[in-house]
Every structure is written in C-alpha cells, then in structure tokens.
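Open the model in your viewer and keep the selection box ready. This tour goes stop by stop: what to pick, then what is there.

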Amino acid sequence: MRSALFVLSLAVVVTPALAQSIDNSAALGLRGSDSSIAGQGRQQPNMQPSAASRPFDGTVIATPAATAPYKGHDFADGTLRLGITAATLYDDNVFAGRTQRLSDTVFIGRPEFSWVKQGSGYGVGIDGYVEGRRYVKYNSEDQLNGSVGGTFTVMPDSDTQVIGNARYIRGHLERGTSEIVGPGGFLLSTAFDAPIAYDQGAGSLALNKRFDRWWTSVGVAGSAVAYKDPTIGDVNIDLSYAEGVISVVNGRLGYVVAPQTSVFMEAAGNRRDWKVGIFDSTGYRTVGGVLFEQGPNARIKGEVWAGYMSQAYSGISFQNISSWTYGASLAFLFTDQLTGTIEGRREAKESALSLGVIGPTTLGVNAAACSSGASCVSAIQSSVSGRLDYRLMPNLVIGAGASFVVDEYLGTAAGGRIDRTISPLASVKYFPTDQLSFGFDYRRVNYDPTGGWSAGVGALSYYRNLYLVSANGKF
C-alpha cells in the first residue's frame, strides 16, 4: 500500500528574485490536459513531502497558451476564478483484471475555484474542488472526491521569504494500485467491494534567504493519511499499517553561477511513522544539483539533483537501504509553440506484499515481527515521466508523453519481486475562447510485475485503456 507517486493539486511558483507573486490560475480545468481525471497510473498518497525551501519550488505543467489568460473576478481585494468540468470517461478494465476485463462508462462533474490576493511583500491563495464520478454499470465504483488548500508567501525584506501551505484531500485509489496479492497472485484491490477511500492532510513551511550570490533555504513538511478499510464480502481488510505520518526537514546552500542558474547542496532527513510500528523508518539524503530559475527570456526552469540516500527500518523483515538517489522537475520552452516537462525521483518506501489473518474475519498486519502469513518489506521506487505539448493552431494544442515507475521490493520475503508500470498518454485540447475548452485524453496503464513467486508474493500483470472527453468552462 506504500509505493507510487502522488502529486498535490496545487502548484506554486517562486521566482528567482524571491518574487512576490502567487498565481494558481492553472488549477482550474484539467490542469494542462494532463489526463488527471483519466486515471493516474498506480498512484498512492505516500510520497515523501517537501517544503518550498529554495528560490524555486515545483514546475507548472502547462500547455502553450492558446488564448488570452482568463482574468477572473475582483473579490475581497483579490482575484476569484470559478470553473466547472464535465467529462465522460471510458475505462476498458475497471477492476484491473488480468483475464476478466470489465468495461464501463463514467460521468464526471467537477466544480472548482481559486482565489488569489497579492500585496506589498505578501501573497495568499486558496483553491479547491469537488469531483463526483458516476459509473453506468458498476455503481460500487461511484466516488465523491475533493480537496481544499491554501498557500502564502511573506517577504519581510527583499532578500527574505517565508512560504507556507496546507491542504486536505479526499480521494480513492484506482483499482490495481495496491501491491498486496491474494491466492494465485491476483492483486487484492481488484476484489474489494468498493475502491479504497482515503483522507490526507499535507503542509509545509520554509524560510528562504539570499546573500548576494549565495542563498540558503530551510524547511519542514509533513503528510498524514488515513484509509477507510475495504471489504471482500464479510472479510475486513485492515489497512491501519498504511496509516500514519511522514515528516521531513531539509536545508540547502546554493550559489548563483550564471543568470537564472544556481548550483546547490542539500541535506534532508525524514521519519515515516505508521500505526504498525514495524513499518517505521528514519532516513536522510545528501545531494547536489543545478537549479534553473524562471525569469525574462528563460527557456528552462526547475531543478535536477543526484546523490546518496539511507533509510533504516524498525522491523526485522525490512532490509535497510543505502543507495543512490535522484530527482528532477524541469519545464522547457523550446519554442513559442512547443513546451516540455520532465519529472523523476528515487526514494525509499515500505510495503506489505501479502496480509495475515489478525481476527476472525480480518486480514492485515499487526504483529511486532510481521503477522503470520503476511510479507512486510522495504522498497525502492524509481520514477520518470515526460511530455510534450505543441500548439498546432492558435486555439488547438496536442500533447503526448509517458511515465515509467519501477518498484523494487527488498529482502528474502519479497522473493526478488519487481513491479514495472509504464503509462503512455496523448491529448488534444481546443480553446474556442479564454473561458471555454474541450479536450480528449488517452492514457494506457501497463502493469508488469516479475519475481516474487518463490516467496508466495508474485503478482499477475494487467493493462487498461482510458479515454476521456471533457468540456471545461470558467466564469
């Protein structure tokens, strides 16, 4: 239940001069036609959080501007933007089955808002959405999701910046996301009576300081997640082992080597604290990297880094990790018509590949040394993704990309199991006006696990195709 990628809904950009601006207008709509509604591969809400502890934080993934920006409305001394998305999704493998592929059509409605206020030396933003999904044939899959959050920036002086944010998310995991297997290697989540619902809270606080060409950043971040236990008939699946808190503290020292370009060193420590203590771990990473800041005529923004990571686990069945690591979050403006993005990271996690009987009608993990019949292991997840968007006509943008995720489970109990997930995507977006857009998104999820059979935790592969037609209006 612990390995995959989770991306927060809000993207905040901090300019190279520790800029005073906050703009979350990209939060409205399908977020740059990135197939966010059309399935997200095999994602889980256990990604290590990070603070905006640097002159630049995050990469806004956006298509080339096909129309004039949507301005919004004046409200409470700020700018209010409202929007609604209506979409139809066709999923040819709703339950992520290997041989029994059941398809369905989904109707989606998503109202959303954002509000931004800026003043002398400060900025604040709030945004949120509610998303309903209604399945035509399989009503067990119906969902109501949502999120609300805010961010702020304060500049006591021209060389000092304080950034904070907080967010609440209510969501559901896609079928086939969990790595837990049942008899014969089928993924247990494909048999649940309903998708797994979860609640997540996340927040961070950072202090950025500049000293001429040198700069420093320190920050703290945290994320907490709780699941609603799923069922299979009369059997309850206890997911308390996957509930807990991830906390991170990190610091950077950077030096500007060229206009809008810095090199930096970073040290970061983390603690992953779960309700079942054998999954707990502490770790750190030390890395060096290059940061490209946004600014006039900039063609690249973001950062790339690499170095060393270490993670020590509490449970005796968990193999401690000492390995290399990397991270990247880059956006490219190749031409006025062509943009691109690259994202990637490698981090230590934990997993239950199988569950034991912990009650008369309950499966889970609750023992000090991993419950009998369960498999509790550490893991390394490596991911990379990229996409290109091209403005074919003044109001027509096409896009394509792919993501690749490798989950390597460690220790004897894992039996050498490695999960690989590749997800190509394609999109078309048409903007008849600055307040109306139509889109088509396609994503394929191809899950290909190997190994694990010698330890009784081998998994069956599956693939699914998702097709999304959408309309988004802003008012």
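**Stop 1: a pocket**

Start at the second largest pocket, which has a volume of about 250 Å³. To centre the view, select Ala 96, Gly 97, Arg 98, Gln 100 and Thr 190, the closest to its centre of the 13 residues that line this pocket. By class, its lining has seven nonpolar, five polar and one charged.

Some terms before you move on. On a 1 Å grid over the protein atoms alone, a pocket is an open set of points with protein on both sides within 12 Å along at least five of seven lines, while a cavity is a set of points where a 1.4 Å probe fits but cannot get out. Lining residues have an atom within 4 Å of a point. Grid points are joined across faces, edges and corners, and a volume is the space filled by probe spheres set on the points. Nonpolar covers Ala, Val, Leu, Ile, Met, Phe, Trp, Tyr, Cys and Pro; charged covers Asp, Glu, Lys and Arg; the others, Gly among them, are polar.

This is a predicted model, in which local features need pLDDT of at least 70 and side-chain atom pairs count only at pLDDT 80 or more, whereas totals for chains, interfaces and linings use all residues. Residues are numbered from 1 along each chain as its sequence is written, and side-chain values use heavy atoms, with hydrogens and water left out.

**Stop 2: two backbone angles**

Stay on Ala 96. It sits in the loop between β2 and β3 (104-119). Its phi is near 55°, a positive value in a residue other than glycine. Is Ala 96 buried or exposed? Ala 96 is buried, because its relative accessible area is 5% (buried means under 20%, exposed over 50%, partly exposed in between, with a 1.4 Å probe and protein chains only).

Now select Asp 77, in the loop between β1 (73-75) and β2. Phi of Asp 77 is also positive, near 65°. Asp 77 has 68% relative accessibility, so it counts as exposed.

**Stop 3: the whole fold**

Zoom out and colour by secondary structure. There are 23 strands and zero helices (DSSP runs numbered from the N terminus: strands are E, at least two residues; helices are H or I, at least four). Of the 475 residues in the protein, 53% are buried. Take the contacts between residues at least 6 apart in sequence: 66% of them join residues at least 24 apart. Contact here means heavy atoms within 4.5 Å.

**Stop 4: the cavities**

How many cavities of 30 Å³ or more are there? The count is three. The largest holds about 130 Å³ of space. Select Gln 48, Asn 270, Arg 285, Met 309 and Glu 347, the closest to its centre of 14 lining residues. Next, show β12 (261-274), β13 (281-292), β14 (300-313) and β16 (338-354), each of which supplies at least two residues of this lining. β16 gives the most, with four. The lining of the largest cavity holds four nonpolar, six polar and four charged residues.

Go on to the second largest cavity, with a volume of about 50 Å³. Its lining includes Asp 91, Tyr 135, Glu 141, Leu 173 and Arg 464. Here the classes are four nonpolar, one polar and five charged.

**Stop 5: aromatic rings**

A pair of aromatic rings is described by the distance of the centres and the angle of the planes. The model has 13 aromatic pairs. Rings of Phe, Tyr and Trp (its six-membered ring) pair if their centres lie within 6.5 Å; planes under 30 degrees apart are stacked, over 60 edge-to-face, and the rest tilted.

Select Tyr 90 and Tyr 467. They form a tilted pair, 6.2 Å centre to centre with 35° between the planes. Tyr 90 is in strand β2 (residues 78-91) and Tyr 467 in strand β23 (residues 462-474), 377 residues apart. Tyr 90 is partly exposed at 35% relative accessible area, and Tyr 467 is partly exposed at 33%.

Then pick Tyr 241, Phe 279, Tyr 313 and Phe 318, which ring pairs link into a cluster.

**Stop 6: Gln 319**

Finish at Gln 319, in the loop between β14 and β15 (321-333). Gln 319 is partly exposed, with a relative accessible area of 40%. What does Gln 319 touch, not counting residues up to four places away in sequence? Show Tyr 313, Ser 378, Leu 410 and Gly 411. Gln 319 and Leu 410 are 91 residues apart in sequence, yet 6.2 Å apart in space, C-alpha to C-alpha. For the last distance, a polar atom of the Gln 319 side chain lies 3.5 Å from the backbone nitrogen of Gly 411.

Terms used. Polar contact = N/O pair within 3.5 Å; in protein donor to acceptor, adjacent residues only side chain to side chain.
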